[in-house]
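Me: I'm new to this one and would like a close look at a single part. Could you walk me through the second largest pocket and what sits around it?

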Amino acid sequence: MLKTIMTLTAAISGVLTAALAGVYHLYPLGWIESLAITAGTFFYHFAMRLAVGTAFIPFQKHDPHSKWFAEKPFEATLYKRLKVRKWKDRMPTYDQASFDTQNRTLEEIVTAMCHSELVHETIAVLSFLPLFAAIPFGAFPVFLLTSIAAAAFDLSFVIMQRYNRPRILRLIQRKAKNKGLHS
């Protein structure tokens with residue numbers, strides 16, 4: 001469902017960008033230019049997310065015990081202050097099958113969490129590329145605010161993955177320990 005919404009939004013905003021740019025070429029009015037830039041910004045943010053997710057598909061094997069994915073000392077305090085526990089379950093999931101405990105092992109889910117984290121970190125960084133559009137079009141504060149909002153949105157998914165992953169890893173360890181006791 002979310003994949004369809006994102007794809008349709010990217011397609012519609014791409015068509016709108018092209019159409020509005022064409023209309024602006026014929027009728028160079030400021031409000032038409034603003035609409036074209038807005039549609040283009042929407043297109044960039046949605047198409048870029050789809051492209052990054054697709055580009056990362058071949059790189060889905062990650063070591064959840066690597067330094068990059070290790071829980072940092074400050075994280076538990078940060079997550080309490082951000083009240084992650086209260087909002088994490090309300091976040092949309094692009095590929096629910098990757099996190100389905102009925103059809104995936106906990107190890108596969110942890111790997112999917114690592115993958116999701118890397119995708120969203122990359123997207124957060126790429127959310128600032130539209131700042132370069134301020135050079136020809138001006139309105140730097142608008143591009144800055146939309147870039148910050150887009151990056152913050154994706155960083156919330158990074159936070160959610162980093163909050164949940166250590167809990168799943170501890171669950172895996174407990175299961176392995178209990179299995180060893182009952183062997």
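Reply: Start with α2, since that helix gives the most to the lining of the second largest pocket, with six residues. Keep in mind as you look that this is a predicted model. Along the chain, α2 covers 30-55, and α1, covering 2-26, also supplies at least two residues of the lining. The lining has 13 residues in total, and A36, I37, G40, T41 and F137 lie nearest the pocket's centre. By type, the lining splits into nine nonpolar residues, three polar ones and one charged one. As for volume, the pocket comes to about 190 Å³.

Now follow α1 for a moment. Its buried residues pack against α2, and the ones to pick out are M6, A10, S13 and L20. Why do buried positions in a helix often come with that sort of spacing? An α-helix has 3.6 residues a turn, so residues three or four places apart point the same way. You can also check the length of α1: with 25 residues at 1.5 Å each, the helix should span 36 Å, and its end C-alpha atoms are 36 Å apart, so the two agree.

Next, go back to F137, one of the residues nearest the pocket's centre. The helix α6 covers 134-137, and in the loop between α6 and α7 you'll find A139. Its backbone deserves a glance: A139 has a positive phi of about 60°, although it is not a glycine. Most residues other than glycine have a negative phi. A139 is partly exposed, with a relative accessible area of 46%. There's another case at K83, a residue other than glycine with a positive phi near 55°. K83 also sits in a loop, the one between α3 (75-81) and α4 (84-87).

From A139, move along into α7, which covers 140-181 and, together with α5 (106-126), gives two or more residues to the largest nonpolar core. That core has seven residues: L106, I109, V110, M113, I168, L169 and I172. Here α5 gives the most, with four residues. A good residue to click on is I168, which touches L106, V110 and M113, leaving aside residues up to four places away in sequence.

So, what should you look at again around the pocket? Go back to α2, with its six lining residues, and then to α1, whose buried residues pack against α2.

Technical notes. Residues are numbered from 1 along each chain as its sequence is written. This is a predicted model: local features need pLDDT of at least 70, side-chain atom pairs count only at pLDDT 80 or more; totals for chains, interfaces and linings use all residues. Side-chain values use heavy atoms; hydrogens and water are left out. A nonpolar core is a set of buried Ala, Val, Leu, Ile, Met, Phe, Trp, Tyr and Cys residues joined through side-chain atoms within 4.5 Å. Buried means under 20% relative accessible area, exposed over 50%, partly exposed in between (1.4 Å probe, protein chains only). Contact means heavy atoms within 4.5 Å. On a 1 Å grid over the protein atoms alone, a cavity is a set of points where a 1.4 Å probe fits but cannot get out, and a pocket is an open set with protein on both sides within 12 Å along at least five of seven lines; lining residues have an atom within 4 Å of a point. Grid points are joined across faces, edges and corners, and a volume is the space filled by probe spheres set on the points. Ala, Val, Leu, Ile, Met, Phe, Trp, Tyr, Cys and Pro count as nonpolar, Asp, Glu, Lys and Arg as charged, and the others, Gly among them, as polar. The expected span of a helix is 1.5 Å times one less than its number of residues.
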